[in-house]
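Trainee: I have a model open and want to work through its interior. Shall we take it one question at a time?

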Amino acid sequence: MAGQSSPDAPFGLVGHPLGHSWSPRIHELLGSSPYDLHDLGNDEAARFIRGGRWQGLNVTIPHKRLAAELADTRSSRVERLGVANTLVREDDGTISAENTDVLGFSWMLERFFRREHGKGAEELLAGRSALVLGSGGASRSVQASLAEVGARAIVVSRTGSETYEGLAERHPDAALIVNTTPVGMYPSCPAAPLDEASLASLDGLLGVLDVVYNPRRTGICLAAERLGIPSESGLAMLVAQAFFASELFQGRKLDEALVDKIEQDILAETQNVILIGMPGSGKSSCGRGLARLLGRPFVDVDDAIAAESGRSAAEIIRSEGEGAFRAIETRVTGGYAARSGLVIACGGGVVTRPENYDLLHQNGTIVLLDRPLEELSSRGRPVSQAKGVARLAAERMGLYRAWADLTLTCTGSAEGDALAVRRLLYP
């Protein structure tokens, strides 16, 4: 979804480095387009901001402070925080600065508490402590938003008086954790800035939020999910801040319902579709057909392993053992599962390693292809041959069902299965 830098585009994003970004697609849906990406160093960014032919700009790291300094006028939020993420060129040529990150996080925070607890953020957070992980520009925006609802923000960083060491013991009554660090961001996912044991010891925790939006479920959100703690990563914040920026860009009010709709559209376009099931259940053939229907790249993990190693899964298992193959499978699976917008057919044994679940779940919808055992062949499948299909099914079917978000009873043809999966995904 990365845009192409052009000096004549009216809208865009300035930062460095800029790689994969969903902002051009979001602004296309909001009506503030063409929207391009401008990957610029500090001096280049300063020249472009002051002299470029643009109407509205979003600004990301490391230029948010620069954006505030270069603007002719600054909102009260920008004056208070010293950073801006939104610039608008006014009719008289002057540049005004706003921080819509604060607005975007406030929108996400309120929806989160309404959805998860049935009450507003102020009602549940006023007077209570919220742990804000990280002390950068995003942290300042989050702190400002939390102050608006009366929460006491405690900033946690690697150095200083509030570090990660002993955090849970110092603040056992914390009501909220917000990660504003890049830990866990693609492609270094699903890492987490705080371990699961620390989360588990916070008895009063009402939720975990992460400003990172890719992957959909960051490492800290996955840990919270395992503990039954409500959590959400930052896609809603990304879309909401873009919504408020787009209103400024276009000089008009937009329908706030767009935030939810665009968020769901982005999820539908970017979430991987992961196919799991018994060996011989038709994952590869269904996956190829589904990828054609959806216009997405297709990855067969066994084929990817063979292409990388020069040996098939069966050859690796026969020569080095199943354990060696499973280690390779986890590494290759994780590399593709961290990406977005793919159809991925997993090997039948992917469920035998628990760590593979987070790799698949972090950015995908997991679909189980359930084919009758009598239709499964063990030909060319050393594990199926060694154990037998019935025994293998007894060991794995419970895991398949536990991992699956959706289950399809196979139709009898690859084309039928692909069509049926598409209907399950997009009813």
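Mentor: Yes. Keep in mind that this is a predicted model. Start with the contacts of T86: leaving aside neighbours within four places in sequence, T86 touches L57, N58, S96, A97, E98, T100, A245, L248 and F249.

Trainee: Which element holds T86, and is T86 buried or exposed?

Mentor: T86 sits in strand 5, residues 86-89. Its relative accessible area is 0%. Buried means under 20%. So T86 is buried.

Trainee: Which side chains make polar contacts with the side chain of T86?

Mentor: One polar contact, of 3.4 Å, runs to the side chain of N58. Another, of 3.1 Å, runs to the side chain of T100. The partners are N58 and T100.

Trainee: How many aromatic pairs does a search of the whole structure find, and what is the geometry of F112 and F113?

Mentor: The search finds five pairs. For F112 and F113, the ring centres are 5.4 Å apart and the planes meet at 85°. Planes over 60 degrees apart count as edge-to-face. So the F112 and F113 pair is edge-to-face.

Trainee: What is the angle between the planes of F243 and F244?

Mentor: F243 and F244 also form an aromatic pair, 5.2 Å centre to centre. F243 is buried at 1% relative accessible area, and F244 is buried at 16%. Their pair is edge-to-face, with an angle of 85°.

Trainee: What is the volume of the largest cavity, and which residues line it?

Mentor: The volume is about 30 Å³. The lining divides into four nonpolar, one polar and two charged residues. They are M278, S281, L369, D370, R371, L376 and M397.

Notes
Residues are numbered from 1 along each chain as its sequence is written. This is a predicted model: local features need pLDDT of at least 70, side-chain atom pairs count only at pLDDT 80 or more; totals for chains, interfaces and linings use all residues. Side-chain values use heavy atoms; hydrogens and water are left out. On a 1 Å grid over the protein atoms alone, a cavity is a set of points where a 1.4 Å probe fits but cannot get out, and a pocket is an open set with protein on both sides within 12 Å along at least five of seven lines; lining residues have an atom within 4 Å of a point. Grid points are joined across faces, edges and corners, and a volume is the space filled by probe spheres set on the points. Ala, Val, Leu, Ile, Met, Phe, Trp, Tyr, Cys and Pro count as nonpolar, Asp, Glu, Lys and Arg as charged, and the others, Gly among them, as polar. Helices (H or I, at least four residues) and strands (E, at least two) are DSSP runs, numbered from the N terminus. Buried means under 20% relative accessible area, exposed over 50%, partly exposed in between (1.4 Å probe, protein chains only). A polar contact is a pair of N or O atoms within 3.5 Å; within protein, one must be able to donate a hydrogen and the other to accept it, and residues adjacent in sequence count only if both atoms are side-chain atoms. Contact means heavy atoms within 4.5 Å. Rings of Phe, Tyr and Trp (its six-membered ring) pair if their centres lie within 6.5 Å; planes under 30 degrees apart count as stacked, over 60 as edge-to-face and the rest as tilted.
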